Amino acid sequence: IKVIFNGVDCNKFYPIDRNEARRILNLPKDKKILLSIGNLIEGKGYHFLIEALKLSGRKDMELLIIGEGLYRANLARMIKEHGLENKVKLLGAKPQDELYKWYSAADVFCLTSLSEGRPNVVLEALACGTPVISMDNWGLRRLVNEGRGILLNSYDLNSIKEALEKALPVFNLIKTLVYILVFVLVLGVGY
């Protein structure tokens with residue numbers, strides 16, 4: 001038996017320059033942007049990210065959550081209770097053909113779901129050159145390895161917070177190198 005995993009359409013999901021993506025989306029260049037995308041339901045674990053961000057206390061991190069769902073009001077209440085209105089944004093749904101810009105603008109893509117199949121959002125993030133922080137589940141070990149992300153073994157808030165803080169400086173360098181490599185290989189620039 002041979003298993004064929006989900007793929008990703010690289011004509012829709014590809015890296016663009018982070019600063020250009022942020023300019024297009026009107027996002028700050030001086031913030032470390034964490035991104036999460038999916039239905040706003042409790043099982044997606046957005047509350048773990050919000051709590052970890054609160055624990056961190058870092059002023060340079062901003063969490064952007066794209067999606068809609070029944071859990072939106074709970075998340076908005078949690079954001080307000082923690083005083084994170086300037087650090088966590090619920091952006092609503094976005095057209096799929098615009099998501100590559102959001103992935104490219106982000107420093108790190110985060111997925112702390114309680115349950116998933118084989119999450120396409122991880123494939124999309126990686127195709128856009130965006131490193132991933134996720135749970136060590138759902139066969140992600142084959143995709144997310146050293147340099148492409150951090151896989152967590154626990155929903156412990158301190159572990160998530162530490163992964164976010166550890167990831168940002170390392171992944172910024174890696175993301176820049178991936179963008180340059182794709183630019184050179186795909187466009188043949190410099191050769």
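**Exercise 1. How many of the residues of strand β2 (residues 61–66) are buried?**

Solution. The model is a predicted one. Take the cut-off first: a residue is buried when its relative accessible area is under 20%. By that criterion 6 of the 6 residues of β2 are buried, and the strand is mostly covered. Next, sort these residues by face. Met61, Leu63 and Ile65 lie on one side of β2, while Glu62, Leu64 and Ile66 lie on the other. Both faces of the strand are therefore covered.

**Exercise 2. Identify the strands that pair with β2, and describe how the chain reaches and leaves β2.**

Solution. Start with β1 (residues 32–37). β1 and β2 pair in the parallel sense, over 6 bridges. Within this pairing, Met61 of β2 is the bridge partner of Lys32. Between the two strands the chain passes through helix α2 (residues 46–56), and this β-α-β crossover is right-handed.

Now turn to β3. The strands β2 and β3 run parallel and are joined by 4 bridges. Here Leu64 stands opposite Lys89 of β3. The connection holds helix α3 (residues 72–81), and β2, α3 and β3 form a right-handed β-α-β unit.

**Exercise 3. Work out the strand order of the sheet and find its edges.**

Solution. The preceding pairings place β2 beside β1 and beside β3. On the far side of the sheet, β1 pairs with β4 (residues 108–111) in the parallel sense over 2 bridges, and Leu35 faces Phe109 of β4. Strand β5 (residues 132–135) is joined to β6 by 4 bridges, also in the parallel sense, with Val132 opposite Gly149 of β6. The complete order is β3-β2-β1-β4-β5-β6, an open sheet of 6 strands with parallel pairing. The edge strands are β3 (88–92) and β6 (149–152); each has a single partner strand, so one side of each lacks a neighbour in the sheet. Neighbouring strands are turned against each other by 20° on average, direction ignored.

Check the faces of the edge strand β6 as well. Gly149 and Leu151 on one side, and Ile150 and Leu152 on the other, are all buried, which leaves both faces of β6 covered.

**Exercise 4. Describe the surroundings of Thr112.**

Solution. Locate the residue first: Thr112 sits in the loop between β4 and α5 (120–127). Its relative accessible area is 1%, so Thr112 is buried. Then look for a polar partner. The side chain of Thr112 reaches the backbone oxygen of Gly45 at 2.8 Å. Finally, list the contacts, leaving aside neighbours within four places in sequence: Thr112 touches Lys44, Gly45, Tyr46, Phe48, Leu49, Met135, Tyr155 and Ile160.

**Exercise 5. Determine which side of helix α1 is buried, and examine the ends of this helix.**

Solution. The buried residues in α1 (residues 18–25) include Arg18, Ala21, Arg22 and Leu25. These four cover an arc of only 95° around the axis, so they lie on the same side of α1. The general rule is that an α-helix has 3.6 residues a turn, so residues three or four places apart point the same way.

At the N-terminal end, Asp17 acts as the cap of α1: one of its side-chain oxygens lies 3.2 Å from the backbone nitrogen of Asn19. Just after the helix, Asn26 takes a positive phi of about 60°.

Key. Residues are numbered from 1 along each chain as its sequence is written. This is a predicted model: local features need pLDDT of at least 70, side-chain atom pairs count only at pLDDT 80 or more; totals for chains, interfaces and linings use all residues. Side-chain values use heavy atoms; hydrogens and water are left out. Two strands pair if DSSP finds at least two bridges between them. Axes are lines fitted to C-alpha atoms, for helices over the stretch in contact, and angles run from 0 to 180 degrees between N-to-C directions. Buried means under 20% relative accessible area, exposed over 50%, partly exposed in between (1.4 Å probe, protein chains only). A polar contact is a pair of N or O atoms within 3.5 Å; within protein, one must be able to donate a hydrogen and the other to accept it, and residues adjacent in sequence count only if both atoms are side-chain atoms. Contact means heavy atoms within 4.5 Å. The arc is that of the directions from the helix axis to the C-beta atoms. A crossover is right-handed if, with the strands pointing away from the viewer, the path from the first strand over the helix to the second runs clockwise.
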